[in-house]
Amino acid sequence: MTHLEDRLERFETLTAECELIAKLATDSGKREFYLKLGEEYRQLAVDMRQAIAAKAAA
């Protein structure tokens, strides 16, 4: 597995963890925080997939 693929896997794991924490959170502020954080990690994963695809195409 390449460094980029390792990063992608980590971002996907963090996304899932944030979504789970948000689902279980009873405090609305924490729920919103983890939902937003999960969205940020999801976007990083999308960016990482694009970087991997660009590197593969080069």
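**Exercise 1.** In this predicted model, decide whether Tyr34 is buried, partly exposed or exposed.

*Solution.* Start from the relative accessibility of Tyr34, which is 25%. Buried would need a value under 20%, and exposed one over 50%. Tyr34 therefore counts as partly exposed.

**Exercise 2.** Find how many aromatic pairs there are, and classify the pair Phe11 and Tyr41.

*Solution.* Rings pair if their centres lie within 6.5 Å, and by this rule the count comes to 2 aromatic pairs. For Phe11 and Tyr41, the ring centres are 6.4 Å apart and the planes stand at 25°, so this pair is stacked. Next, place the partners: Phe11 belongs to helix α1 (residues 3–24) and Tyr41 to helix α2 (residues 28–57), so the pair ties together parts that are 30 residues apart in sequence. Finally, Phe11 counts as buried, at 11% relative accessibility.

Now take Phe33 and Tyr34: their ring centres are 5.0 Å apart with planes at 85°, so the pair is edge-to-face. Phe33 is partly exposed, with a relative accessible area of 48%.

**Exercise 3.** Check the span of α1, then work out where its buried residues lie around the axis.

*Solution.* Begin with the span: at 1.5 Å a residue, the 22 residues of α1 should cover 32 Å, and the end C-alpha atoms are 32 Å apart, which agrees. Then list the buried residues of α1: Leu8, Phe11, Leu14, Thr15, Cys18 and Ala22. Viewed down the axis of α1, they fall within an arc of 130°, so they line one face of the helix. On the other side of α1, Lys23 and Leu24 are exposed. As a last step, ask what covers the buried residues of α1: the cover includes α2.

Notes:
Residues numbered from 1 in each chain as written. Predicted model: local features only at pLDDT ≥ 70, side-chain atom pairs only at ≥ 80, totals over all residues. Heavy atoms only, no water. Phe/Tyr/Trp six-rings, centres within 6.5 Å; stacked < 30°, edge-to-face > 60°. Helix = DSSP H or I, 4+ residues; strand = E, 2+ residues; numbered from the N terminus. Buried < 20%, exposed > 50% of the residue type's maximum accessible area, 1.4 Å probe, protein only. Expected span 1.5 Å × (residues − 1). Arc of directions from axis to C-beta. Contact = heavy atoms within 4.5 Å.
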